[in-house]
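Biologist: I am new to this one. Could you show it to me, and let me ask for the reason behind each label?

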Amino acid sequence: MATGPRYKVAFRRRRENRTDYYARRKLLAAREARAIVRRSNKNITIQFAEFDMEGDKVLAAASTRELKALGWEYSCSSIPAAYLVGYLAGKKAIKAGIEYAVLDIGMQTVQYGGVLFATVAGMTDAGLEVPHGEDVLPDEDRILGKHIDEGIEAAVNSLKEKMEAE
């Protein structure tokens, strides 16, 4: 390992590819609530957090695990599931008093029309204001799951109606 006065070891979370401190500083400088979207191979989690000196305060959260409890029978890492969890998170955020949030996707790879931006489509359809470009959102057919199976469209619409009723 290199040593000497010119060598600087990066922060541990940066070395682990977990935190981009430059992007985080910009997000925190906005002094707005952050919509933190994280995905794994099986689930998608959305949290709304505000900065505090003791640590970020989570104001509202939603996960695709909650969709299973509502009756979702399909994959929890697909674009329709991402849209639904975004919609659910948006509804919870509005109940918590959040009207505007800045998207925080961390160190994840950006792919326009993908899962991360399907969550943004769900949040905006729920009534939350999240700044984004229209070209990054997935097509309506992909949100409804027509590219996967014909039965998913009915499941998406019925689950969305359940969320509106709550």
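Biologist: Why is Asn17 called exposed?

Modeller: This is a predicted model, so every value here is computed from it. Asn17 has a relative accessible area of 53%. Exposed means over 50%, so Asn17 counts as exposed. Asn17 sits in the loop between α1 (12-15) and α2 (21-29).

Biologist: What is notable about the phi of Asn17?

Modeller: Asn17 has a positive phi of about 55°, although it is not a glycine. Arg31 also has a positive phi of about 55° and is not a glycine. Arg31 lies in the loop between α2 and β1.

Biologist: Is Arg31 buried or exposed, and how do you know?

Modeller: Its relative accessibility is 74%. The cut-off for exposed is over 50%, so Arg31 is exposed.

Biologist: What makes Thr19 buried?

Modeller: Thr19 has a relative accessible area of 10%. Buried means under 20%, so Thr19 qualifies. Thr19 is found in the loop between α1 and α2.

Biologist: Which residues does Thr19 touch, leaving aside neighbours within four places in sequence?

Modeller: They are Arg13, Arg14, Arg24 and Met107. With Arg13 there is a polar contact between the side chains, at 2.8 Å.

Biologist: Why does the pair of Thr19 and Arg13 count as a polar contact?

Modeller: The distance is 2.8 Å. The limit is 3.5 Å between N or O atoms, one able to donate a hydrogen and the other to accept it. So the Thr19 and Arg13 side chains make a polar contact.

Biologist: Let us turn to the rings. How many aromatic pairs does a search of the whole structure find?

Modeller: The search finds 4. One of them is formed by Phe11 and Tyr21.

Biologist: Why is the pair of Phe11 and Tyr21 called edge-to-face?

Modeller: The ring centres are 5.2 Å apart, with 70° between the planes. Pairing needs centres within 6.5 Å, and edge-to-face needs planes over 60 degrees apart. Both conditions are met, so the label holds.

Biologist: What does this pair tie together?

Modeller: Phe11 lies in the segment before α1 and Tyr21 in helix α2, so the pair ties together parts that are 10 residues apart in sequence. Phe11 is exposed, at a relative accessible area of 53%. Tyr21 has 31%. That falls between the cut-offs of 20% and 50%, so Tyr21 is partly exposed.

Biologist: How do you know that Tyr112 and Phe117 are edge-to-face too?

Modeller: Their centres are 5.9 Å apart and the planes make 70°. Again the limits are 6.5 Å and over 60 degrees, so the pair is edge-to-face. Tyr112 is exposed at 55% relative accessibility, whereas Phe117 is buried at 9%.

Biologist: What makes Lys8 a charge over the ring of Phe11?

Modeller: Lys8 lies over the face of Phe11, at 5.5 Å from the ring centre. The distance limit is 6 Å, so Lys8 is within reach of the label.

Biologist: Now the strands. Why are β1 and β2 said to pair?

Modeller: They share 6 bridges, in the antiparallel sense. Pairing needs at least two bridges, so β1 and β2 pair. One position to look at is Arg39, which stands opposite Ile44 in β2. A hairpin of 4 residues joins the two strands.

Biologist: In what sense do β2 and β3 pair?

Modeller: β2 and β3 are antiparallel, over 6 bridges. Gln47 has Ala61 in β3 as its bridge partner. Their hairpin has 6 residues between the strands, and there Gly55 takes a positive phi near 145°.

Biologist: Last, the core. Which element supplies the largest share of the largest nonpolar core?

Modeller: The core has 44 residues; Phe48, Leu67, Trp72, Leu84, Met123, Leu128 and Met163 touch the most other members. The largest share, 10 residues, comes from α4.

Biologist: How do you know that Leu88 is buried?

Modeller: Leu88, in helix α4, has a relative accessible area of 6%. The cut-off is under 20%, so Leu88 is buried. Leaving aside neighbours within four places in sequence, Leu88 is in contact with Ala62, Glu66 and Met163. The C-alpha atoms of Leu88 and Met163 are separated by 6.8 Å, though the residues are 75 apart along the chain.

Conventions:
Residues numbered from 1 in each chain as written. Predicted model: local features only at pLDDT ≥ 70, side-chain atom pairs only at ≥ 80, totals over all residues. Heavy atoms only, no water. Core = buried A, V, L, I, M, F, W, Y, C linked by side-chain atoms within 4.5 Å. Buried < 20%, exposed > 50% of the residue type's maximum accessible area, 1.4 Å probe, protein only. Contact = heavy atoms within 4.5 Å. Phe/Tyr/Trp six-rings, centres within 6.5 Å; stacked < 30°, edge-to-face > 60°. Lys NZ or Arg CZ within 6 Å of the ring centre and 35° of its normal.
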